[in-house]
Amino acid sequence: MNPPQIQEYPTWYKGYIDLVEGDVLVVLEKQAEEFTAFINGISDKADYAYAPGKWTIKELLGHIIDTERIMIYRLLCFARNDKSKLPGFDENEYVSAARFAERKIQSLAEEFAWLRKANLFLLNSLNDQELDRTGIANDNPISVRALVYILAGHVIHHKNVIVERYLNP
């Protein structure tokens, strides 16, 4: 699958999309295993936040899971040619309402892995016509193809944040 063109998504997603190198479906598949193993390898810092007011690693992982679900819902709607305008979401409100701190990080890591593996069935079934479809989310046009790349880039971005700010402050 080719990367999306700049007109296929709001500019604030460019940073995520540009992080994806190689076949995006392979990247997504590898993340199910590799990102999960990475998270399980840092479980001793699960409740650590690098600064006051910042999310803990568990909360960050919960945010990744919530975002995966939201982006997949958007992707499914648009791939199925649903013309409904979809709302945005406030990630901070989602995290504060979710109680991720009460969960074990291994449970969150396993949830991510299973969620991603389930989503891959849908992602691998999409044809070029479906990937080219667009919809409106958060008052902005976006393509199915862009959403696929955003899923991969979002995880890459947050893994980089964990390494840079949580593990190597």
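Strand 1, which covers residues 134-137, turns a covered face with G135 and A137 to one side and an uncovered face with T134 and I136 to the other. The general background to this division is that side chains in a regular strand alternate between the two faces of the sheet. The model in which this strand appears is a predicted one. The partner of strand 1 is strand 2, residues 140-143, and the two pair in the antiparallel sense over 4 bridges. If you look for the residue that stands opposite T134, you will find S143 in strand 2.

What lies between the two strands? Strand 1 and strand 2 form a hairpin with 2 residues between them, and N138 belongs to the turn. This asparagine deserves a careful look, since N138 has a positive phi of about 55 degrees although it is not a glycine. With a relative accessibility of 36%, N138 counts as partly exposed. A second residue that invites the same kind of inspection is R99, placed in the loop between helix 4 and helix 5. Phi of R99 is near 60 degrees, again a positive value in a residue other than glycine, and R99 is exposed because its relative accessible area of 53% lies over the cut-off of 50%.

The hairpin also leads to an enclosed space, for N138 is one of the residues that line the largest cavity, together with P10, W12, Y13, R74, A137, N140 and I142. About 40 Å³ of space lies in this cavity, and the count of cavities of 30 Å³ or more comes to 1. When the residues of the lining are sorted by class, they divide into 5 nonpolar, 2 polar and 1 charged.

From the cavity, I142 takes us on to the largest nonpolar core, which has 31 residues, and in which L28, L123, L126 and I142 touch the most other members. The elements that give two or more residues to this core are helix 1 (14-18), helix 2, helix 3, helix 5 (105-125) and helix 7, and helix 7 gives the most, with 8 residues. Apart from this core lies another, of 22 residues, which includes F38, A46, W55 and L60. To see how one member of the largest core is surrounded, consider L28: leaving aside its neighbours within four places in sequence, L28 is in contact with R116, L120, L123, V148, L151 and A152.

Helix 7 is a good element to follow further, and two of its residues can be set side by side. Is R145, which is found in helix 7, buried or exposed? R145 is buried, because its relative accessible area is 9% and the cut-off for a buried residue is under 20%. Not counting residues up to four places away in sequence, R145 touches M1, N2, P3, P4, E8, D128, L131 and D132. K159, which also has its place in helix 7, is partly exposed, with a relative accessible area of 31%. Under the rule that leaves out residues up to four places away in sequence, K159 touches F35 and F38. The C-alpha atoms of K159 and S96, which are 63 residues apart along the chain, are separated by 21 Å.

K159 also brings us to the second largest pocket, whose lining is made up of V27, K30, Q31, E34, F35, V155, I156, K159 and N160. About 210 Å³ of space lies in this pocket. Helix 2 (24-40) and helix 7 each supply at least two residues of its lining, and the largest share, 5 residues, comes from helix 2. By class, this lining has 4 nonpolar, 2 polar and 3 charged residues.

The last stop is the largest pocket, which holds about 510 Å³ of space. Of the 23 residues that line this pocket, Y16, W55, H63, E91 and H158 are the closest to its centre. Helix 3 (57-79), helix 4 (91-98) and helix 7 (144-167) each supply at least two residues of the lining. Which helix gives the most to the lining of the largest pocket? Helix 7 does, with 6 residues. The residues of this lining divide into 11 nonpolar, 8 polar and 4 charged. Helix 7 can therefore serve as a thread for looking back, since helix 7 contributes to the largest nonpolar core, to the second largest pocket and to the largest pocket, and is where the buried R145 is found.

Conventions: Residues numbered from 1 in each chain as written. Predicted model: local features only at pLDDT ≥ 70, side-chain atom pairs only at ≥ 80, totals over all residues. Heavy atoms only, no water. 1 Å grid on protein atoms, 1.4 Å probe; cavity = no way out; pocket = protein on both sides within 12 Å on 5 of 7 lines; lining within 4 Å. Points joined across faces, edges and corners; volume = space filled by probe spheres on them. Nonpolar A, V, L, I, M, F, W, Y, C, P; charged D, E, K, R; others polar. Core = buried A, V, L, I, M, F, W, Y, C linked by side-chain atoms within 4.5 Å. Buried < 20%, exposed > 50% of the residue type's maximum accessible area, 1.4 Å probe, protein only. Contact = heavy atoms within 4.5 Å. Pairing = 2+ DSSP bridges.
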